[in-house]
Amino acid sequence: MALSALAFVSSVAAAYCLGNGGLLPAFVCSALAVPLLCGFCARGFAGFAARTVILFGSALRLAALAVFVSSVHGGISAAAVILLCAAVSLRLALSDKSALYAPAPAVFAALVLLPAAAIVSPWGGSARAALSCPDAAAWLTAAFCPVSAGLALSQNAACTRRDGVKGLAPGAAVFAAALLFPSTRSVFGFICVPVCAAQLALELRAVVLPSFRE
């Protein structure tokens, strides 16, 4: 369940990096793409296309993280975080099954920190902003990251559509906390990096899995 939950949480987090407007499209796209892609296995040209989508989704996820960190801490910090995230993800992806163990703590951190921030926060303000029209970058991230996460999930685990749907509940919890409580953004940085790193590790691992090879 942790892998499918991470697919939802990481996609919502990536869109949230670019502003509240991407929350709803990312959640809806995740609810459609993740269960649909569970069990999908591609070979030949389809495998090449799937790898391309995964890598593009990974690039969008890192770019969204860079935008978020840069807006809070500046460009140098953003570059350092991206390099660290990429290095950790690559190490996990190449370390046997380490990438498969990373989703559980990343999802746990998201489920603990965001609702905790919501509890101490007054309600209101962000819901209307989250339902506003997102910009092009947020639309692109919201559309591609769930597909990338779903493809990575299908390559890393023998999942059924029911398994994919199981991740919907944790994803919905994070979505609701980010949607309704503005203060969740103050702790968002603490969960965004591990969530991104764990998902990126799964995607990098999926690209080199034998099932994607000719």
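In this predicted model, helix 2, spanning residues 23-37, packs against helix 10, spanning residues 168-180, at an angle of about 175°, and the axes of the two helices lie 11 Å apart. Because angles over 145 degrees count as roughly antiparallel, that value makes helix 2 roughly antiparallel to helix 10. On the side of helix 2, the residues that take part in the contact are Leu23, Leu24, Phe27 and Ala31, and they meet Leu168, Gly171, Ala172, Phe175, Ala178 and Leu179 in helix 10. Sorted by class, this contact comprises nine nonpolar residues and one polar residue, with no charged residues; the polar one is Gly171, since Gly is counted in the polar class.

These two helices belong to a protein that holds eleven helices and zero strands, so that, in a reading from the N terminus on, the elements run α-α-α-α-α-α-α-α-α-α-α, under a definition by which helices and strands are DSSP runs. The protein has 214 residues, of which 50% count as buried. When contacts between residues at least 6 apart in sequence are considered, 89% of them join residues at least 24 apart.

A second place to look is the interior, where the structure holds one cavity of 30 Å³ or more, and the volume of this largest cavity is about 40 Å³. Which residues line the largest cavity? The lining consists of Ser10, Ala13, Ala14, Cys17, Arg61, Leu65, Cys192, Val195 and Cys196, and the elements that give two or more residues to this lining are helix 1 (2-17), helix 3 (44-73) and helix 11 (184-207). Helix 1 gives the most to the lining, with four residues. By class, the lining of the largest cavity divides into seven nonpolar residues, one polar residue and one charged residue; Arg61 is the charged member of the lining, while Ser10 is the polar one.

Helix 3, which is among the elements that line the largest cavity, also contains Ser58. Is Ser58 buried or exposed? Ser58 has a relative accessible area of 4% and is therefore buried, given that buried means under 20% relative accessible area. Once residues up to four places away in sequence are left out of the count, Ser58 touches Ser148, Leu200 and Glu203.

Conventions: Residues are numbered from 1 along each chain as its sequence is written. This is a predicted model: local features need pLDDT of at least 70, side-chain atom pairs count only at pLDDT 80 or more; totals for chains, interfaces and linings use all residues. Side-chain values use heavy atoms; hydrogens and water are left out. On a 1 Å grid over the protein atoms alone, a cavity is a set of points where a 1.4 Å probe fits but cannot get out, and a pocket is an open set with protein on both sides within 12 Å along at least five of seven lines; lining residues have an atom within 4 Å of a point. Grid points are joined across faces, edges and corners, and a volume is the space filled by probe spheres set on the points. Axes are lines fitted to C-alpha atoms, for helices over the stretch in contact, and angles run from 0 to 180 degrees between N-to-C directions. Angles under 35 degrees count as roughly parallel, over 145 as roughly antiparallel, 65 to 115 as roughly perpendicular and the rest as oblique. Contact means heavy atoms within 4.5 Å. Buried means under 20% relative accessible area, exposed over 50%, partly exposed in between (1.4 Å probe, protein chains only).
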